[in-house]
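Me: I am new to this structure and would like to go through its empty spaces. Please explain how each label is justified.

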Amino acid sequence: MMKIYTYPKSRSLRVTWTAEALNLEYKCIFFDVMNKNNDNPSITMKVPTLVDGDLVLFESSAICIYLSEKYGSNLLSPIDINEKAVINQWLAFIINELESPLWTILKHSMFLPESKRVVDIIPIAKEEYLSSIEVLSSALSRNLFIANNKFSIADIFLFQTTQWAFNLGLKIPQNLINHHDNLKSSPDYLNAVAKQNEAMKAAAGS
């Protein structure tokens with residue numbers, strides 16, 4: 001059985017949600033990213049990490065693309081090369097243009113030690129975020145989903161990344177709020193969250 005190393009409310013949600021959407025059997029293993037005091041087969045010692053047989057993968061985008069292409073049967077990874085290119089386009093945009101400024105804000109407002117924070121960079125990162133979120137809002141203006149108007153891993157990445165914007169209290173266009181609200185009741189999303197939380201509780205009790 002494949003293993004997914006996770007930490008709640010992190011990028012690992014992208015992987016467990018993808019696995020749920022593909023109806024895959026997997027073991028969810030909690031990895032304490034704060035203390036890193038248990039085993040993780042990835043050289044990065046970060047989450048998510050996937051172990052599928054002899055294959056060990058890190059980076060959420062690489063893992064989700066692998067899972068959808070190997071097990072998707074056209075569900076999350078279309079056969080049509082043009083549709084696949086559109087999904088990869090939005091994955092790259094979400095990671096490089098949306099996640100990047102949000103992660104900068106998070107690091108320099110709460111995650112880094114105060115001595116290492118550069119607060120002057122936060123307004124610049126917010127401007128970059130606002131520019132990117134408007135592009136995404138425009139793309140969703142007439143569609144329910146971000147790529148090819150079909151649910152894909154690009155929607156999973158968009159959902160998880162905009163959660164950071166919600167947590168930071170940043171401006172989010174209404175159609176992106178609608179996109180988020182439509183997906184948060186998904187059984188696959190709810191199962192993915194539940195399994196991550198169960199893995200954390202099991203680790204705490206061991």
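**Cavity and pocket**

Reply: The lining of the largest cavity divides into 5 nonpolar, 3 polar and 2 charged residues. The model is a predicted one.

Me: What makes residues of that lining count as charged?

Reply: Asp, Glu, Lys and Arg count as charged. Glu69 and Lys84 are among the residues that line the largest cavity, and the charged part of that lining is 2 residues.

Me: Why is this space called a cavity?

Reply: A cavity is a set of points where a 1.4 Å probe fits but cannot get out. The structure holds 1 cavity of 30 Å³ or more, and the largest cavity has a volume of about 50 Å³.

Me: How do you know where the largest cavity lies?

Reply: Domain 1 (2-75 + 188-205) and domain 2 (81-185) both contribute to its lining, so the largest cavity lies between them. Helices H2 and H3 each supply at least two of the lining residues.

Me: What makes a space a pocket?

Reply: A pocket is an open set of points, whereas a probe in a cavity cannot get out. The largest pocket here has a volume of about 1,200 Å³. Its lining has 34 residues, of which Lys9, Ser10, Arg11, Trp103 and Trp164 are the closest to the centre.

Me: Which helix gives the most to the lining of the largest pocket?

Reply: H3 does, with 6 residues. Each of domain 1 and domain 2 provides at least three residues of that lining. By class, the lining of the largest pocket has 18 nonpolar, 9 polar and 7 charged residues.

How values were computed:
Residues are numbered from 1 along each chain as its sequence is written. This is a predicted model: local features need pLDDT of at least 70, side-chain atom pairs count only at pLDDT 80 or more; totals for chains, interfaces and linings use all residues. Side-chain values use heavy atoms; hydrogens and water are left out. On a 1 Å grid over the protein atoms alone, a cavity is a set of points where a 1.4 Å probe fits but cannot get out, and a pocket is an open set with protein on both sides within 12 Å along at least five of seven lines; lining residues have an atom within 4 Å of a point. Grid points are joined across faces, edges and corners, and a volume is the space filled by probe spheres set on the points. Helices (H or I, at least four residues) and strands (E, at least two) are DSSP runs, numbered from the N terminus. Domain bounds come from an automatic or database domain assignment.
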